[in-house]
Amino acid sequence: MHATLPPVSFDPGTGLAVLRTAHSLYALRLASDGSPRHLYWGPPLDPSELARMPDAPAAAASSFEADAAADELAPQTGARFGPAGLQVRFADGTRGAQWRFAGHTVDGGELRLCLDDRHRPLRAELCYRVRSGTDVIERWTELTHTGAPDGPEGPIGVGRLDSASWTAPPLPDYRLSHLVGGWNSEFRLQRDRLPVAETVLTSRRGLTSHHAAPWLAVDDGTATEDAGEVWSTALAWSGSWRITVHRDPGGRTTWTGGFGHEGIGWTLRPGETLCAPVYAGLYSPDGFGAASRGWHRYVRAHVLPGPERDRPVLYNSWEATGFDVDEAGQMRLARLAARAGAELFVLDDGWFGTRRDDRSGLGDWTPRPEAFPRGLRPLADEVHRLGMEFGLWVEPEMVNPDSTLYRARPDWVVHSSRLDATELRNQLVLNFARPEVEAWAGDTLDRLVRENGVDWLKWDANRAFTEAGWDGHHDPDRLWIDHTRAVHRVMDRLRAAHPGLRIEACAGGGGRVDLGILARTDQAWTSDNTDPVDRIGIQNGFGQLFPAQVMAAWVTDSPNTATGRRTPLRFRFHVAMAGALGLGGDLTSWSGEELDEAAALVALYKEIRPVVQRGHQHRVAPAGGPVTAVHYAAADGGEHVLLSWRPATRFGHRPDPVRLPALDPGARYRDLETDRVHSGAVLVRHGIDPRLPAGDHASSLIRLRRVPS
Ligand code: GLA
């Protein structure tokens with residue numbers, strides 16, 4: 001309808017800014033006080049309707065409220081009493097900014113609104129970017145001290161610099177979907193009625209965290225997988241963060257989010273700019289499933305560095321050997337992994353320094369002489385000879401006090417010398433915000449990759465920040481930002497120097513998975529919990545935002561090391577085949593029959609991999625019910641994969657047919673296992689029998705191919 005209209009426009013006369021995507025529209029308007037106010041976020045609208053739209057829903061005015069629309073980023077001035085997305089404090093103790101509109105730029109799909117403080121040398125730029133081929137709008141803020149170096153103002157304290165504030169339209173009720181968890185139980189989807197209150201989602205850990213994710217979705221309480229309006233947002237940040245959702249008693253719901261947690265603050269000196277990370281938003285009119293597919297499309301098109309490369313079937317030695325690694329043992333595993341069809345062999349923890357357990361060695365990234373007397377090269381060469389790529393586990397941000405590095409550089413850790421340092425897993429965090437630490441990490445990793453023919457790094461981070469300090473630095477809280485930025489930079493530089501290198505993000509499992517880390521990694525280790533029953537829920541939450549190709553999933557031993565649960569090999573495979581399949585068991589203890597079955601299932605996975613990793617995902621029977629099923633459809637609609645899992649059987653319960661609404665009712669589909677041809681209309685409206693065998697831990701994989709008409 002608006003094909004000729006630009007994706008981004010701003011009319012200085014009316015102060016109206018409009019951002020258009022294929023299926024949504026976002027609008028804001030400058031208020032008379034110079035501050036940008038939210039106007040609209042929803043399905044496309046005619047621009048003339050927008051121009052006529054009132055600034056704010058009429059509310060009963062009183063001397064206690066201002067009758068104004070929600071801010072695009074709330075400063076701490078005026079009759080604003082909700083959470084402020086921008087909190088500044090000037091040297092004389094005054095708090096808050098008061099804006100004067102100072103101009104705008106439109107550059108392709110990007111809009112910048114410049115706001116100057118009316119009284120002080122402070123400028124904020126509110127930035128908006130429409131991402132082509134998606135319905136995602138990216139937003140962020142840049143804050144600059146515009147005073148002269150020797151000017152009278154002095155440094156400006158920044159207590160909060162959010163990337164953006166978002167506003168949902170008036171709805172009869174509000175529900176919040178978000179992800180919660182802990183180590184071994186990440187990404188549990190939580191759907192709660194939003195209280196009339198401020199709800200804080202946050203990480204104070206210096207990592208994105210296992211406990212909360214910087215993604216949320218808001219709906220009116222009635223949306224389903226297939227229907228209903230959903231407004232969702234995701235922050236591209238891999239350190240501490242905070243999002244405050246405010247449902248006010250007047251019925252308005254807004255949320256403001258960005259990096260950093262409460263209680264920390266930064267100092268802006270004359271000439272300095274602080275840039276907040278991207279906070280992306282997506283409106284979907286067609287339920288949670290379409291919202292997820294919208295995010296998946298965005299992650300592939302605009303976030304991942306190499307979305308077109310299939311993720312290899314990897315083997316990882318961690319659950320098999322723990323710290324007890326050596327050349328002969330790893331070579332034995334590598335041969336078995338190759339036999340099972342693995343394409344990448346990853347040597348996990350224990351290969352370096354004095355590392356025989358988690359008490360020592362972190363920081364000393366040279367091969368442990370007793371385990372690898374000839375260095376890593378012979379293992380790497382053998383892995384390559386077997387036709388696999390060679391991967392290596394590293395945890396570059398961490399150090400054991402019992403290490404050569406710490407003894408030489410005790411000042412490199414994130415630590416305030418006036419406090420006792422808490423050790424977690426016997427380790428401390430290195431302060432990557434220090435340029436010399438960043439340089440050391442970059443050089444060390446570059447050397448490791450170059451000297452050992454490393455094709456893949458698993459970059460781990462196994463503890464949170466505590467007693468964080470930076471002795472001698474004028475603005476020590478900068479470490480919360482600069483550490484994360486340095487981690488991103490080291491990854492970026494490694495990739496630039498080694499274009500074939502791939503990186504897997506890991507932080508004790510899924511403790512640091514976000515749009516920021518995924519912009520420089522290929523996949524994420526979803527969870528240390530590899531129990532397939534638990535994984536069904538974890539994967540369901542992970543997939544709300546992230547596509548299957550970044551969701552690393554291993555098949556490990558039975559009984560499972562985390563839960564002790566026994567499950568059949570086929571069930572473990574079928575669950576892991578929903579993402580980027582890997583093997584993580586002790587293959588030396590698998591029987592010949594098990595290895596053959598594994599090899600056959602790996603071969604099958606390679607056949608369905610393009611559909612799983614690059615297709616569209618439909619949660620046709622979402623987690624939580626007796627049967628969970630996920631349908632992957634190739635982008636051209638030709639090939640389809642249905643994975644179904646039933647962890648526990650119930651007497652008398654026959655699984656319902658699983659409906660596949662994404663199929664074409666006018667087409668016909670051949671079932672590749674039974675050779676039966678199904679009518680698309682029947683599969684869409686009635687469904688297909690998931691063909692689950694009797695008993696617990698039942699699973700199936702059904703492949704359908706569109707019959708040419
Ligand atoms: C973390 C990772 C595991 C493994 C161990 C090694 O917990 O998530 O996969 O690499 O560290 O210590």
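These legends walk through several close-up views of a predicted model. Residues are numbered from 1 along each chain as its sequence is written, and side-chain values use heavy atoms, with hydrogens and water left out. Because this is a predicted model, local features need pLDDT of at least 70 and side-chain atom pairs count only at pLDDT 80 or more, while totals for chains, interfaces and linings use all residues.

**View 1. A salt bridge within helix α1 links Arg52 and Glu49.**
Side chains of opposite charge can pair when their charged atoms come close. Here a salt bridge is a side-chain nitrogen of Lys or Arg within 4 Å of a carboxyl oxygen of Asp or Glu, and the count by this rule is 60. For Arg52 and Glu49, the N to O distance is 3.3 Å. Both residues belong to helix α1 (residues 47–52), where they are three residues apart, about one turn of the helix. Helices (H or I, at least four residues) and strands (E, at least two) are DSSP runs, numbered from the N terminus. How open is each partner, judged by its relative accessible area? Arg52 is exposed at 59%, and Glu49 is partly exposed at 37%. In these legends, buried means under 20% relative accessible area, exposed means over 50%, and partly exposed lies in between (1.4 Å probe, protein chains only).

**View 2. Asp162 and Arg160 form a salt bridge between buried residues.**
The N to O distance for this pair is 2.7 Å. Asp162 has a relative accessibility of 1%, so Asp162 counts as buried. Arg160 is buried too, with a relative accessible area of 6%.

**View 3. Glu673 and Arg703 meet across a stretch of sequence.**
In this salt bridge, the closest N and O atoms are 3.2 Å apart. Glu673 lies in the loop between β35 (668–671) and β36 (677–679), while Arg703 is in strand β37 (residues 698–706), so the pair ties together parts that are 30 residues apart in sequence. Is each partner buried or partly exposed? Glu673 is partly exposed at 41% relative accessible area, whereas Arg703 is buried at 16%.

**View 4. Several charged residues join in a network of salt bridges.**
Which residues take part in this network? The members are Glu110, Arg112, Glu125, Arg129, Arg131, Glu138 and Glu142. Arg131 also gives us a handy marker: Ala371 is 240 residues away from Arg131 in sequence and 49 Å away in space, C-alpha to C-alpha. Ala371 itself lies in the loop between β23 (344–347) and α5 (377–385), and Ala371 is buried with a relative accessible area of 4%.

**View 5. The loop between β12 and β13 holds two residues with positive phi.**
Asn184 has a phi near 70 degrees, a positive value in a residue other than glycine. Asn184 sits in the loop between β12 (175–180) and β13 (188–193) and is buried, with a relative accessible area of 15%. Phe187, in the loop between β12 and β13, has a phi near 60 degrees, also positive in a residue other than glycine. Phe187 counts as buried at 5% relative accessibility. A polar atom of the Asn184 side chain lies 2.9 Å from the backbone nitrogen of Asn529.

**View 6. A cis peptide bond joins Ser558 and Pro559.**
At this bond, omega is about 0 degrees. Where is Pro559 found? Pro559 is in the loop between β30 (551–555) and α10 (569–576).

**View 7. The ligand is surrounded by 13 residues.**
The closest of these residues are Asp348, Asp349, Arg425, Lys458 and Asp528; a residue is near a molecule if one of its heavy atoms lies within 4 Å of it. What is the distance from a ligand oxygen atom to an N or O atom in the side chain of Asp348? For Asp348 the value is 2.6 Å, and for an N or O atom in the side chain of Asn462 the ligand oxygen distance is 3.2 Å. Trp525 has a polar side-chain atom 3.4 Å from an oxygen atom of the ligand. The protein covers 96% of the 310 Å² of accessible area that the ligand has on its own, with areas from the Shrake-Rupley method and a 1.4 Å probe.

Definitions and conventions: Polar contact = N/O pair within 3.5 Å; in protein donor to acceptor, adjacent residues only side chain to side chain.
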